[in-house]
Amino acid sequence: MSDSSPAPAATPVLEVWCDLQCPDCRTALDDLRALRARYGHRLELRLRHFPLEKNKHAFAAAQAAEEAWEQGRGWEYAEALLGRVEELGRKGEPFLVELARELDMDAEEFDTALIDGRHILIVDADQAEGKAIGVTGTPTYVIGGERLDGGKSQEGLRERIEQIADRLLGGQEQQQG
């Protein structure tokens with residue numbers, strides 16, 4: 001017997017192209033938290049790596065974040081790291097392991113991952129994809145096929161993201177209500 005009910009709409013994805021040593025990305029955290037609070041599981045937030053050359057430890061930070069995802073705590077680690085970008089700038093890569101230890105994660109595994117480079121391909125792939133779609137700075141958001149550049153100004157971006165997300169979720173809102 002076939003199921004004739006309509007297929008559930010795919011969850012919209014908000015890709016956040018981020019440099020984990022970028023002060024502008026730290027500023028964007030409040031917007032990301034607000035979006036997660038508003039939409040919960042109805043909007044998938046996906047962190048994408050776009051380490052900028054000017055930020056000396058950003059590439060290693062991206063690898064460390066991937067290790068945090070492996071350990072099931074990616075957003076927590078990324079948020080903690082963005083909250084302390086100056087400290088990363090001062091202390092460098094040892095801070096990435098120190099932060100993992102502070103968060104009660106497997107710090108030895110972080111250290112090993114940074115040495116053996118197991119997450120480099122993921123970071124490289126994100127960066128290449130970002131360049132291919134026109135990302136030039138961070139943070140940059142992509143939702144519903146639209147690219148929004150937050151590197152120059154965060155002003156109005158959350159509202160624009162909400163407009164697009166609401167449009168994409170339009171059918172789901174009516175079904176749930």
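How exposed is Glu 129, going by its relative accessibility? Hold on to that one for a moment, everybody; thanks for coming. Before I answer, please keep in mind that what you have on the screen is a predicted model.

So, Glu 129. Its relative accessibility is 35%, and it therefore counts as partly exposed, since that class lies between the 20% limit for buried and the 50% limit for exposed. The reason I picked this residue is its partner. Glu 129 forms a salt bridge with Arg 48, and the closest N and O atoms are 2.6 Å apart. Have a look at where the two sit: Arg 48 belongs to strand 2, Glu 129 belongs to helix 7, which covers residues 120-132, and the pair ties together distant parts of the chain, 81 residues apart. Arg 48 has a relative accessibility of 9%, and because that is under 20%, Arg 48 counts as buried.

While we are on charges, let me stay with them a little. There are 23 salt bridges in the structure. Another one pairs Glu 87 with Arg 84, and here the closest N and O atoms are 2.9 Å apart. Glu 87 is buried, at 15% relative accessible area, while Arg 84 is partly exposed, at 24%. Then there is Glu 108, whose side chain meets that of Arg 101 in a salt bridge at 3.3 Å, N to O. Arg 101 is partly exposed, with a relative accessible area of 46%. And our opening pair is part of a network: salt bridges with shared partners join Glu 15, Glu 44, Arg 46, Arg 48, Asp 126 and Glu 129.

Now let's move to the sheet. In which order do its four strands lie? The order is 2-1-3-4, the sheet is open, and the pairing is mixed. Strand 2, residues 44-49, and strand 4, residues 146-149, are the edge strands, so to find them on your screen, look for the two that each pair on one side only. From one strand to the next, the twist averages 20°.

Let me take the parallel part of the sheet. Strand 1 and strand 2 run parallel and are paired over six bridges. Within that pairing, Val 16 has Leu 47 of strand 2 as its bridge partner. Strand 1 itself, residues 13-18, is mostly covered, with five of its six residues buried. As a general reminder, side chains in a regular strand alternate between the two faces of the sheet.

On to the antiparallel part. Strand 3, residues 140-143, runs antiparallel to strand 4, and four bridges join them. If you want to trace the register, Tyr 141 is bridged to Leu 148 of strand 4, and Ile 143 is bridged to Glu 146. The hairpin made by these strands has two residues between them, and Gly 144 there takes a positive phi near 55°.

Next, the helices. At what angle do helix 3 and helix 5 cross? The axes of helix 3, residues 74-82, and helix 5, residues 94-102, cross at roughly 125° and come within 11 Å. Helix 3 is therefore oblique to helix 5. The crossing is right-handed. On the helix 3 side the contact is made by Tyr 77, Ala 80 and Leu 81, and on the helix 5 side by Phe 95, Leu 96, Leu 99 and Ala 100.

There is another crossing to show you, between helix 2, residues 58-70, and helix 6, residues 107-116. Their axes come within 10 Å and cross at roughly 130°, so helix 2 and helix 6 are oblique to each other. Helix 2 passes helix 6 in a right-handed crossing. From helix 2, Ala 60, Gln 63, Ala 64, Glu 67 and Ala 68 take part, meeting Glu 109, Phe 110, Ala 113 and Leu 114 of helix 6.

One last stop, and it takes us back to helix 7. Is Gln 127 buried or exposed? Gln 127, which sits in helix 7, has a relative accessible area of 16% and is therefore buried. Leaving aside residues up to four places away in sequence, Gln 127 touches His 49, Phe 50, Pro 51 and Phe 59.

That brings us round to where we began: helix 7 also holds Glu 129, the partner of Arg 48 in strand 2. Thanks, everyone, and please shout if you would like me to rotate the view.

How values were computed
Residues numbered from 1 in each chain as written. Predicted model: local features only at pLDDT ≥ 70, side-chain atom pairs only at ≥ 80, totals over all residues. Heavy atoms only, no water. Axes fitted to C-alpha atoms, helices over the stretch in contact; angles between N-to-C directions. Salt bridge = Lys/Arg side-chain N within 4 Å of Asp/Glu carboxyl O. Buried < 20%, exposed > 50% of the residue type's maximum accessible area, 1.4 Å probe, protein only. Contact = heavy atoms within 4.5 Å. Parallel < 35°, antiparallel > 145°, perpendicular 65-115°, else oblique. Left-handed = near helix turned anticlockwise from the far one by under 90°.
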